[in-house]
Amino acid sequence: MNRVLLAGSTGYLGGYIAKQLMARSYIVRAMVRDPERLKEKNIDVSEVVEAQITKPESIQDCCKDMDVVISTVGITTQKDGLTYMDVDFQANMNLLMEAKKSGVKKFIYISVLNGEKLRHTALCRAKELFVEELKNSGLEYCVIRPTGFFSDISQLYGMAQKGRIILLDEGEFKVNPIHGEDLARVCVDAIEKPEQEIKVGGPEILTYNRIARLAFEVLETTPKITYMPSWVGGAALKAVKLFMGSKIYGPIEFFLTVMGMDMVAPEHGEHTLKDYFTDLKQRGL
């Protein structure tokens, strides 16, 4: 299985997967809305298909002659009039239908750890509905379940830049987030592995308190951390939903929910969060 269609190749994780696939000599067809973004991100692939995955007519035959599909397609913020159901569910369904039509052997999809338990959130509800369809598709499949990306945790670094980090309860819930490059290796390894589900986290299990202090340490500023009881977070969510709408509510709902539980999976990779924060600082981000 050496021919791979990659959907979402210009995203945080997709770019790393594209580079990992090419480094291992796979034939890679990248499906993108804007081919220029591949050049901007220095992503080199075998073939480029310009298409809009939310529009079924634009992706016809995109999987022709492909052995494997890897989809990182999903949105963090609901924008451009598109919802989680439009993208995380329906866009991936469009791709799955094309994969079945073209006789693709395997479909690899990146969801989220504990997605089944998080179905009350709009983001995970859409993702898990697609996972159900994938499992019933008749295709060989693998669902990758990462704990969370370093890029997600950078929201705490952003708070530290502004001078204060707000954590839920006592900040003692644990997570081992993973760098995109480390996760990409797991995703590409899955092509030849029989597992139908892979739970994956980074090499360090940290409390949110420790993450917060790491951010202030890298920024060389005095730690200022405010602890918000979970009931206050719940009340704030209701207010956001009432007054600011789903575009703002969805990402905050997911972020606050995962901060209020342990998100720990088997450890992989070598990138550390401190090094990631240091890189952000050096690049002025």
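Which side chains meet in a salt bridge at 3.4 Å, N to O? In this predicted model, the side chains of Asp61 and Lys101 do so. Asp61 belongs to the loop between β3 and β4, whereas Lys101 is part of helix α3 (residues 84-101), so the contact ties together parts of the chain that are 40 residues apart in sequence. Asp61 has a relative accessible area of 45% and is therefore classed as partly exposed. Lys101 is also partly exposed, at 49% relative accessibility; the cut-off for exposed is over 50%.

The search for such contacts gave a count of 17 salt bridges. Side chains of opposite charge can pair when their charged atoms come close. Another of these pairs is formed by the side chains of Arg29 and Glu47, with an N to O distance of 3.2 Å. Arg29 lies in strand β2 (residues 27-32) and Glu47 in strand β3 (residues 47-50), so this salt bridge connects parts that are 18 residues apart in sequence. The two partners differ in their surroundings. Arg29 has a relative accessibility of 8% and so counts as buried, because buried means under 20%. Glu47, with a relative accessible area of 32%, is partly exposed.

A further salt bridge joins the side chains of Lys274 and Glu217, at 2.8 Å from N to O. Lys274 is located in helix α10 and Glu217 in helix α7 (residues 208-219), so the pair ties together parts of the chain that are 57 residues apart in sequence. Lys274 is partly exposed at 37% relative accessibility, and Glu217 is partly exposed at 39%. Salt bridges also link Glu116, Glu128, Arg145 and Glu197 into a network.

The strand pairings were examined next. Strand β4 (residues 68-71) runs parallel to strand β1 (residues 3-7), and four bridges join the two. Within this pairing, Ala7 has Ser71 of β4 as its bridge partner. Strand β4 is also joined by four bridges to strand β5 (residues 106-110), again in the parallel sense. Here the bridge partner of Val69 is Phe107 in β5. In a regular strand the side chains alternate between the two faces of the sheet. In β4, Val68 and Ile70 point one way, Val69 and Ser71 point the other way, and all four residues are buried.

Strand β5 is likewise covered on both faces: Lys106, Ile108 and Ile110 are buried on one side, and Phe107 and Tyr109 are buried on the other. Five of its five residues are buried, so β5 is largely enclosed by the rest of the structure. Besides its pairing with β4, strand β5 pairs with strand β6 (residues 140-146) over five bridges, in the parallel sense. In this pairing, Lys106 stands opposite Glu140 of β6. The chain passes from β5 through α4 to β6, forming a β-α-β crossover that is right-handed.

A search of the whole structure for aromatic contacts found seven aromatic pairs. One of them consists of Tyr109 and Phe130, which are arranged edge-to-face with 4.8 Å between centres and 70° between the planes. This pair links distant parts of the chain, with Tyr109 in strand β5 and Phe130 in helix α4 (residues 122-135), 21 residues apart. Tyr109 and Phe130 are both buried. The aromatic contact thus involves β5 and α4, two elements that also take part in the crossover to β6.

A second aromatic pair, Tyr157 and Phe277, is stacked, with a centre-to-centre distance of 5.2 Å and an angle of 25° between the planes. Tyr157 lies in helix α5 (residues 150-161) and Phe277 in helix α10 (residues 273-282), and the two positions are 120 residues apart. Both Tyr157 and Phe277 are buried. These two residues also belong to a cluster in which ring pairs link Phe150, Tyr157, Tyr276 and Phe277. Helix α10 therefore contributes Phe277 to the stacked pair with Tyr157 and Lys274 to the salt bridge with Glu217 of helix α7.

Conventions:
Residues are numbered from 1 along each chain as its sequence is written. This is a predicted model: local features need pLDDT of at least 70, side-chain atom pairs count only at pLDDT 80 or more; totals for chains, interfaces and linings use all residues. Side-chain values use heavy atoms; hydrogens and water are left out. Buried means under 20% relative accessible area, exposed over 50%, partly exposed in between (1.4 Å probe, protein chains only). Two strands pair if DSSP finds at least two bridges between them. Rings of Phe, Tyr and Trp (its six-membered ring) pair if their centres lie within 6.5 Å; planes under 30 degrees apart count as stacked, over 60 as edge-to-face and the rest as tilted. A salt bridge is a side-chain nitrogen of Lys or Arg within 4 Å of a carboxyl oxygen of Asp or Glu. A crossover is right-handed if, with the strands pointing away from the viewer, the path from the first strand over the helix to the second runs clockwise.
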